[in-house]
Amino acid sequence: MPAPATFLGYIDEHADRFIKRLADAVAIPRRLNAFSVSGDRTHREDVVKMAKFMEDQLKALGVQTRLVDLGTENLEGHEIKVPPAVLGKIGEDPGKKTILVYGHFDVQPAIKSDGWNTDPFTLTIADDGQLIGRGSSDDKGPILGWLNVLEAHKDLGIELPVNLRLVFEGMEESGSIGLDEFIAAEHARGKDGWFHGVDAVCISDNYWLNTRTPCVTYGLRGLVYILVEVSGPTRDLHSGVFGRTVHEPMTDLIALLGKLVTSDGKILVPGVDDMISAADDEEKALYECLDYSIADIEASAGAPIALSDDKIQVLMGRMRQPSLSIHGIEGAFYGAGAKTVIPAKVTGKFSIRLVPPQTPDKINPLVVQYLEAEFAKLNSKNKLRVLLEHGGKPWVADIKHWNYEAAIKATQAVYNKRPDMTREGGSIPVTLTFAETLGVNVLLLPMGRGDDGAHSTNEKLDRSNFIEGTKLLGTYLHEVAAINA
Ligand SMILES: NCC(=O)N[C@@H](Cc1c[nH]cn1)C(=O)O
Ligand SMILES: [Zn+2]
Ligand SMILES: [Zn+2]
């Protein structure tokens, strides 16, 4: 059963209003240096405002809502409240399937001086249709896509083809604190629990491989995020006075970070790369048939810097191998000018993306042991602390399920193309919780393109992806209902 033509027409007719709603969400709230960034304590109030925005929007669409208190977290030494998750429920027809939709309304940090051409929190509509702003693609655009679908059905008086349960959280970019526990507790409540009756899950929070071909995604990498703190003097020192006189924390930290990964991506922490078995020819054939080229990755990276000229190697690096990335150093001098300081305490930040059978529990001890051993070799009198931040397990789904059949049919109906079947290199830790705790099939149905620049500067969502992507989400629900399973 394809989506009704009136639904598709409604989405086209109301595109400008949908874009205005996205602009409102990107800008929440419009006050100086304060946006819905979950990883920064000073922005927490703003993530809460974004939760309220979502709740108000859902209520206006006739959805039964609930805000869930997810407890507190310790951020930068302060115990602060985690923003509430926003739940929505619409439909309890036992004759229909029940689909759980998950998404997140928090965003990655963005500062114009990082290289944005426009204010990151003002949605800018470019002449070529790009909707530029933080969260446009990750993940405010996709979650508003679901609202667009609900609005179209409500206004047109079309009955929703499935029962819907909605879970939108404000901590996805910061470890989804409290969410796993909430899902487990609700599940344990059986028939009275919020998730009772859910048949399958759909998440729109990743990207096509390229700029042409839509995809349906059946895997995600897991993650461990690690801080390496090296400290020595009680305060920053003058390098003219103390250089070659004391052990310098920054020198030790750089030595440690330099021992984590080679320039061609090989992970040097013993045991990490070895956990993964080699791909056989059958698996390699899956990568070969994806619409992807080295030119695609280099175009979206903005430079000819792919690790290999072999498409299969590059795809395997993203989809079925772990990767280690170094993200930054807190406490280091980074401003303009030539400050001759020896920083007293520096904290290196890196993460490892995991693939099955790796889990944070298996990887973290290897990393801690290695860092401590390498630090000991430096014979430094400074102090080392290794801090394990959030993590998540990798996930791979069974694609021989009606949930995938519906997504593939919907993609063909909207885009007139067979989707690439992909495993995503990023992480959405709650995905595995839904799959394992609720015991249901989970699907990723992305809206954005491979060059959207999520987490990067000038993040965008193409207008056509927002509008056709909204049609895709709605059509998927109708295809789910049409499958006799
Ligand atoms: N669109 C999913 C996404 O971006 N997930 C993040 C999750 C994360 C973990 N720590 C910080 N963010 C990702 O980086 O993959
Ligand atoms: Zn996301
Ligand atoms: Zn993200």
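**Close-up 1. Buried residues of helix α10 in the predicted model.** Helix α10, spanning residues 311–319, has Lys-311, Ile-312, Val-314, Leu-315, Met-316 and Met-319 as its buried residues. The model shown here is predicted. The packing partners of these buried residues are α8 (281–288), α9 (294–301) and β18 (420–424).

**Close-up 2. The start of α10.** Here a side-chain oxygen of Asp-310 comes within 3.0 Å of the backbone nitrogen of Ile-312. Ile-312 is also one of the buried residues of the helix.

**Close-up 3. Donors of the zinc ion (ligand 3).** Three residues supply the protein donors: Asp-138 through OD, Glu-173 through OE and His-455 through NE2, at 2.0 to 2.1 Å from the ion. Their spacing in sequence is D-x34-E-x281-H. Asp-138 sits in the loop between β7 (130–132) and α4 (140–156), and His-455 in the loop between β19 (441–444) and β20 (460–462), so this pair ties together parts 317 residues apart in sequence.

**Close-up 4. Angles at the zinc ion (ligand 3).** The arrangement is irregular because the angles subtended by the four donor atoms run from 87 to 143 degrees, whereas a tetrahedral assignment requires all angles to lie between 85 and 135 degrees. For four tetrahedral donors the ideal angle is 109.5 degrees.

**Close-up 5. Asp-138 between two zinc ions.** Asp-138 bridges ligand 3 and ligand 2, both zinc ions, which lie 3.4 Å apart. Asp-138 counts as buried because its relative accessibility is 4%. His-455, another donor residue of ligand 3, has 40% relative accessibility and therefore counts as partly exposed.

Conventions. Residues numbered from 1 in each chain as written. Chains lettered and ligands numbered in written order. Predicted model: local features only at pLDDT ≥ 70, side-chain atom pairs only at ≥ 80, totals over all residues. Heavy atoms only, no water. Donors = N, O, S within 2.8 Å, 3.2 Å for Na, K, Ca; no water. Tetrahedral: all angles 85-135°; square planar, octahedral: opposite > 155°, others 65-115°. Helix = DSSP H or I, 4+ residues; strand = E, 2+ residues; numbered from the N terminus. Buried < 20%, exposed > 50% of the residue type's maximum accessible area, 1.4 Å probe, protein only. Contact = heavy atoms within 4.5 Å. Polar contact = N/O pair within 3.5 Å; in protein donor to acceptor, adjacent residues only side chain to side chain.
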